[in-house]
Amino acid sequence: MLRRIFLPVIAVILGYGFWVSGDFSEIAAGVALFLFGMLGMEQGFRLFSGGSLQRLLNHTTDRLWKSLGFGLVSTTVMQSSSLVSVITISFLSAEMISLAQGIGIVFGANLGTTTGAWIVAGFGLKVKISAYAMPMLVFGVLLLMQASNRVKGAGWILVGIGFLFLGIAYMKEGFSAFTATLDLAQYAMTGVLGLLLFTGIGVLATVVMQSSHATLALTITALAAGQLTYENALALAIGANIGTTITAVLGALGATISGKRLAAAHLIFNGVTGLLALLMIRPLAAAVDWISAGIGIAPQDYTLKLAVFHTLFNLMGVVLMVPFIQSMVRVLEKYMTGVSVEHDEPRYLSAASLELPDVALGAVYKETLHLFDNAFSLVAHGVDLKRSTIRGEQDLQALLEAPAQLIDIDLDDQYGRMIKSIYSANIEFISRAQVLASADYRERFAALRDANLEIVAAIKATKHLRKNLHSHLRSNNRDIRREYNRFRARIGSVLRQVSQLAEEDEPVVTLLALDRIRVEEMDAASNANEAVDRLIRDGTISSSIATSLINDGAYTRELVGHLLAVTESLTRANLAEGEVLDSEMTLHIDEIADIARGSEGVDPARLKEEPR
Amino acid sequence: MKIKKHLDKLSRLLGQDDGIDRDQLKKLRKVLKALKSDQEKLQAKLAEAEGEHERRKLGQKLEVIRLQREKGVEVYRTLKASREN
């Protein structure tokens, strides 16, 4: 309800403002351009960095100081903490970094945002900033027209900075013109009430604009034009810091429990820092005067002094809170737990990762592996094999004669508990991610979608097979038992080899290794058919059992085919763009059939032959 | 000459260089090396294998690798030749 009326109310207020004052529209246009500039820069950094920002994050957050440094530097360079927050939440949701590392990044990012105040106060107000904006916009648009994504990204960054500068210039001019008609400073309030009221306004402005940066830019330009008192500007800066956490909390609503914990840590950090700043406003203001005098800032240069204040209280927050990061992690993990259900749920997917194709791909890849791992158990137990037997070294041919240890499992129930929810989430996530991602990623998302479909198809084939398998494994006829055990050994062998392939780093090598499994499987299927024919001829089994064996042999082939297809699709999702080696080197189906058929004639001397 | 070099660099930077992937040969060497290593492991297993079923399986796998390496070497030659031209 609140969300529904929010936009119309803002639109009405803006419309009224435009109607009564031309200067107001100039300020509002400045804010709009500033926000658009930030969006442009964010888009630019996404394209320009490709996956390198994510890779950097992966490698530079193993120590707390590195996490802090990453947050600080990346936010300073990009002038927006929202992209850093989104990447951090998505990494955390995909369990690629720990909560402590995530908190370190958020703390660093908070410090990084303080550089924005320095840029606006130290540069934006001191020079004719719009003069810099124009060439940036022209060159930026020129680069936007290029084919390469990296160059386009650089174009967006230039356009973003151009609009950011233009926005500051509009705000500056708007407030200067405003001074002639209306003096907002007459509404200035002093004392505790003024402090609380302007902190509240800062929170509200940041929530509306979804950016503490924009609130600060607006505050600094109004302060420069004399429309705000220094004291109220300090309160607005504190409010902006608190308001920005609301954006983070809203962003974390669709995230996993790890993302929610990070948002809570962000809220605690900014809340505590804001509260301390309010309580210590006098000593902090005195410290600002002392520091400003020390670094040569004039006593009347309130805009730069505001930048000093903003940096100082955020730095104070970091220094005070860093020693408590581990305690914060413990408390958050203790009190913020996921809903415990009997069903297995997706672990790595979050709405935040959808925005970054590399992270989205990584998250859904991990989730598909999670699904495959669950399916692995279902398939193994469905054919009465323990996971330990498959993962171990035991010769699976030994299964043929040994009495099977039957495993009691309700596949339909297990499907509902272990598969359905993750499978549905994966398919929905892939559909959404495909729309947002560029064409370069489509094939990989499509491969992951195929992997998910094949996993479910493998479980369905297991269900069909299990019906007869479970009863015939208890048969008094040794030949029937052996033939059904042969199916189990085949499936066990494929599961074992497929799980061993998961260790391989090079996707092309994995795809080539699948040919070996295909040959083995084709040979095994043909041996199984011959065995059934022999049993029929010898009169050892009835025709009805024979048809069951033939049908179940087909289900086994189908199941094995699905398992191989899952591995192939998962591997293809990791294949470099434009990779052709796999198609050049894998064997054709007739070559596979030739090897499977002519296996007895393979000359050992030829096998040692080196390619010419 | 210097200007041409810089122009080439710029055109690569602007993504206009659609030449062959320079990493392809490196990748192929890596894949062939991995296949060779698998082949050696399987040969060692074959030398120790006793059962007929096991020997047949290992023989098939070795034949697959032999054919794939043959194809790989062919691709390597073609890539090398196209780079030299």
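Mentor: Let's start with a term: two residues are in contact if their C-beta atoms, placed from the backbone, lie within 7 Å. Keep in mind that this is a predicted model.

Trainee: How many residues does each chain bring to the contact between chain A and chain B?

Mentor: Chain B puts in 28 residues and chain A 30 residues. On the chain B side, α2 (23–48) and α3 (52–84) each supply at least two residues. The most comes from α3(B), with 18 residues.

Trainee: Which classes of residue make up the side of chain B that touches chain A?

Mentor: That side has 11 charged, 10 nonpolar and 7 polar residues.

Trainee: Now for helix packing. At what angle do α20 and α22 of chain A pack?

Mentor: A pair of helix axes with an angle under 35 degrees counts as roughly parallel. Here helix α20 (residues 478–501) and helix α22 (residues 543–572) of chain A pack at about 0°, their axes 10 Å apart, and therefore α20(A) and α22(A) are roughly parallel to each other. Among the residues that meet are A:F487, A:I491 and A:L495 in α20(A), and A:L549, A:L559 and A:L563 in α22(A). By class, this contact has 12 nonpolar, 2 polar and 3 charged residues.

Trainee: And the interior: which residues have the most contacts inside the largest nonpolar core?

Mentor: A:V364 and A:A375 do, in a core of 109 residues. Setting aside neighbours within four places in sequence, A:A375 is in contact with A:I419, A:I455, A:A458 and A:I459. Another core, of 66 residues, lies apart from that one and includes A:F175, A:L216, A:V288 and A:F309.

Key
Residues are numbered from 1 along each chain as its sequence is written. Chains are lettered from A and ligands numbered from 1 in the order in which they are written. This is a predicted model: local features need pLDDT of at least 70, side-chain atom pairs count only at pLDDT 80 or more; totals for chains, interfaces and linings use all residues. Helices (H or I, at least four residues) and strands (E, at least two) are DSSP runs, numbered from the N terminus. Ala, Val, Leu, Ile, Met, Phe, Trp, Tyr, Cys and Pro count as nonpolar, Asp, Glu, Lys and Arg as charged, and the others, Gly among them, as polar. Axes are lines fitted to C-alpha atoms, for helices over the stretch in contact, and angles run from 0 to 180 degrees between N-to-C directions. Angles under 35 degrees count as roughly parallel, over 145 as roughly antiparallel, 65 to 115 as roughly perpendicular and the rest as oblique. A nonpolar core is a set of buried Ala, Val, Leu, Ile, Met, Phe, Trp, Tyr and Cys residues joined through C-beta atoms within 7 Å. A residue is buried if 20 or more other C-beta atoms lie within 10 Å of its own, exposed if 12 or fewer, and partly exposed in between; C-beta atoms are placed from the backbone.
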